[in-house]
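Please open the structure in your viewer and keep the selection panel at hand, since each stop below begins with something to select. The tour starts at the surface and then turns inward.

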Amino acid sequence: MGLLTGLLTSPLAPMRAVVWVAQRVADKATEEYYDPAPVWAALADLEGRLQRGEIDSDTFEVMEDELLDRLDEITRYRQQGLP
């Protein structure tokens, strides 16, 4: 970057920094949203609740289906080759 270009674009530096930070936050949120570990933990917890009698089998099946759908979504996202 030349001196003239640096002088002309320097007022944009704070804006570029904000955009960079926003992109890092968005990347981290996406990474956490598509992490299968919490879904697997929720499935294990759900099974434990069923075994302890805290929920009935119908409730278990509905909640399990929701979690398995979430895992399918995560799998499809990861197969697309996205971060």
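In what follows, a nonpolar surface patch is built from residues that have over 30% relative accessible area and no salt bridge, with nonpolar side chains joined within 5 Å. The model on display is a predicted one.

With that definition in mind, select Leu12, Met15 and Val19, which together make a nonpolar surface patch of about 300 Å². Leu12 sits in the loop between helix 1 (3–9) and helix 2, and its relative accessibility of 42% places Leu12 in the partly exposed class, because that class lies between the buried limit of 20% and the exposed limit of 50%.

Move next to Ala17, a residue of helix 2 (residues 13–33), where the relative accessible area of 40% again corresponds to a partly exposed position. If you draw a distance from the C-alpha of Ala17 to that of Gly2, the viewer should give 20 Å, for two residues that are 15 apart in sequence.

Now select helix 3, residues 37–51, and check its length: how far apart are its end C-alpha atoms? They are 21 Å apart, in agreement with the 21 Å that its 15 residues should span at 1.5 Å a residue. Within helix 3, colour Val39, Leu43, Leu46 and Gly48, which are its buried residues, and bring helix 4 into view as well, since the buried residues of helix 3 pack against helix 4. Following helix 3 you will come to Gly53, whose phi is positive, near 80°.

The next selection is the largest nonpolar core, whose ten residues are Tyr34, Val39, Leu43, Leu46, Ile55, Phe60, Leu67, Leu71, Ile74 and Tyr77. Helix 3 and helix 4 each supply at least two residues of this core, and the largest share, five residues, comes from helix 4. As a general background, nonpolar side chains in soluble globular proteins tend to be buried together. To look at one member of the core in detail, centre on Leu71, which, leaving aside residues up to four places away in sequence, touches Pro36, Val39, Trp40 and Leu43.

Finish at Arg70, which is found in helix 4 (residues 57–79). Is Arg70 buried or exposed? Its relative accessible area is 15% and Arg70 is therefore buried, the limit for that class being under 20%. Leaving aside residues up to four places away in sequence, the contacts of Arg70 are with Tyr33, Tyr34 and Val39.

Key
Residues are numbered from 1 along each chain as its sequence is written. This is a predicted model: local features need pLDDT of at least 70, side-chain atom pairs count only at pLDDT 80 or more; totals for chains, interfaces and linings use all residues. Side-chain values use heavy atoms; hydrogens and water are left out. Helices (H or I, at least four residues) and strands (E, at least two) are DSSP runs, numbered from the N terminus. Buried means under 20% relative accessible area, exposed over 50%, partly exposed in between (1.4 Å probe, protein chains only). Contact means heavy atoms within 4.5 Å. The expected span of a helix is 1.5 Å times one less than its number of residues. A nonpolar core is a set of buried Ala, Val, Leu, Ile, Met, Phe, Trp, Tyr and Cys residues joined through side-chain atoms within 4.5 Å. Patches are made of residues with over 30% relative accessible area and no salt bridge: like charges are joined within 9 Å, nonpolar side chains (Val, Leu, Ile, Met, Phe, Trp, Tyr) within 5 Å. Accessible areas come from the Shrake-Rupley method with a 1.4 Å probe; for residues, only the protein chains shown count as cover. A salt bridge is a side-chain nitrogen of Lys or Arg within 4 Å of a carboxyl oxygen of Asp or Glu.
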